[in-house]
Every structure is written in C-alpha cells, then in structure tokens.
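Let's take a walk through this one together. Have the model open and follow along.

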Amino acid sequence: MAVRFGKPAGNRATSKAVVADLGLGEHVAFEELLAAVTQKHGKPIELRDIDSAVIPSVTGLWIEKENKSIILLPSGDNRLHRTHAACHEFGHILLRHQGCGGVETTMPSVFQHIGSRRGIRRMLARSLDWNDTERAAEQVAYLLSLTLLPKDPESTNPFERTFL
Ligand SMILES: [Zn+2]
C-alpha cells in the first residue's frame, strides 16, 4: 500500500512512549514482544490465521473480547507482512485506540469465521483508511520492528508456528 506522510504526526512522542514503556531489550524475539504487549494489555492476545478472501481489503484485524484479544492475519501474506501487520495491531492495543464501527457492518463474514460476535468489545482493522489513528499505530509498528531480532534462516521460525 502507498503510505503518505502529509505532515509530521503529532503523536510521535506517544508512540515512542508506549514502546519505551514495554521495557524491551535492544533486540527481542517476536514471542518476547508478544509477551510484553500481552502484559500491558492485561489479557491474552491470540494470533489467528484467516483466509485472505474473508477480509480482502484488510491486512490485519484486532478484535477485543472481554477476556482476550484476537488478531486476525491473512494467510496469504508473507511472513514480513504478517509480522508488520501484527505489530501494527499491537500499536492500536498499546495506544488504547477505540474500535471503528464500520467494520462490523462491512465484514459480516469475519464474525462467521470467529464463530460469534458475542462479547466483542471493539474491533480495529488495518485498512487503507489512512488517518491519524492509523498513522500512530504505524509508528509503533515501525518502532517495534526495529527491536525485533533478525530471523535465523537455519531455525524453525516460532512466529510461523503460531499459525499452525
Ligand atoms: Zn490500524
């Protein structure tokens, strides 16, 4: 997707602050990042694979329920895109963004996939709607990506195992 930064974002300090608040080391594995975000969030975060045909215009989706959050990531995207999409949704979680109401009506099939819409408190999609909220989450995603360890090609990638 084309990303345009029209003006300096006003909430860069906030994005930096929430990432700094995670207390990550200089380099972390994805699992450590997930654990740190989970702790801040205060409930489990489940990463789930979803058929990209179900959410064709969206690269990631955060659904917050009462007792856990679910991040849906399209199965077709490559690992780098999925990692970035996950970090983007972490950004929304860490910045405590409110969900956008349009998703529910435009993507009823998502609820079919999850099984139920009961107990869903909020949902945020990574979409082409590039507003200030998205820009702030993207800043967090960028900062988080800087701390992630480069992948060792020899080892089985634990992040990919998340999706089995
Ligand atoms: Zn977003």
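**From the core to the metal**

Start with Leu33, which you'll find in helix H2, spanning residues 30–41. Keep in mind that this is a predicted model. Is Leu33 buried or exposed? Leu33 is buried, since its relative accessible area is 0%, and the cut-off for buried is under 20%. Leaving aside residues up to four places away in sequence, Leu33 touches Leu22, Leu24, Val28, Cys87, Phe90, Leu144 and Leu148. Take Leu144 from that list: Leu144 and Leu33 are 111 residues apart along the chain, yet their C-alpha atoms are separated by 8.2 Å.

Now for the zinc ion. Which protein atoms are its donors? They are NE2 of His88, NE2 of His92 and two OE atoms of Glu134, sitting 2.0 to 2.4 Å from the metal. Along the sequence, the donor residues follow the spacing H-x3-H-x41-E. His88 belongs to helix H3 and Glu134 to helix H6 (residues 132–147), so this pair ties together parts that lie 46 residues apart in sequence. Both residues are tucked away by the numbers: His88 counts as buried at 0% relative accessibility, and Glu134 counts as buried at 4%.

What about the geometry? The 4 donor atoms subtend angles of 56 to 137° around the zinc ion, and that makes the arrangement irregular. Being tetrahedral would require all angles to lie between 85 and 135 degrees.

Finish at Arg96, in the loop that runs between helix H3 (79–94) and helix H4 (102–106). Arg96 is exposed, with 58% relative accessible area. Check its backbone too: Arg96 has a positive phi of about 55°, although it isn't a glycine.

How values were computed:
Residues numbered from 1 in each chain as written. Predicted model: local features only at pLDDT ≥ 70, side-chain atom pairs only at ≥ 80, totals over all residues. Heavy atoms only, no water. Helix = DSSP H or I, 4+ residues; strand = E, 2+ residues; numbered from the N terminus. Buried < 20%, exposed > 50% of the residue type's maximum accessible area, 1.4 Å probe, protein only. Contact = heavy atoms within 4.5 Å. Donors = N, O, S within 2.8 Å, 3.2 Å for Na, K, Ca; no water. Tetrahedral: all angles 85-135°; square planar, octahedral: opposite > 155°, others 65-115°.
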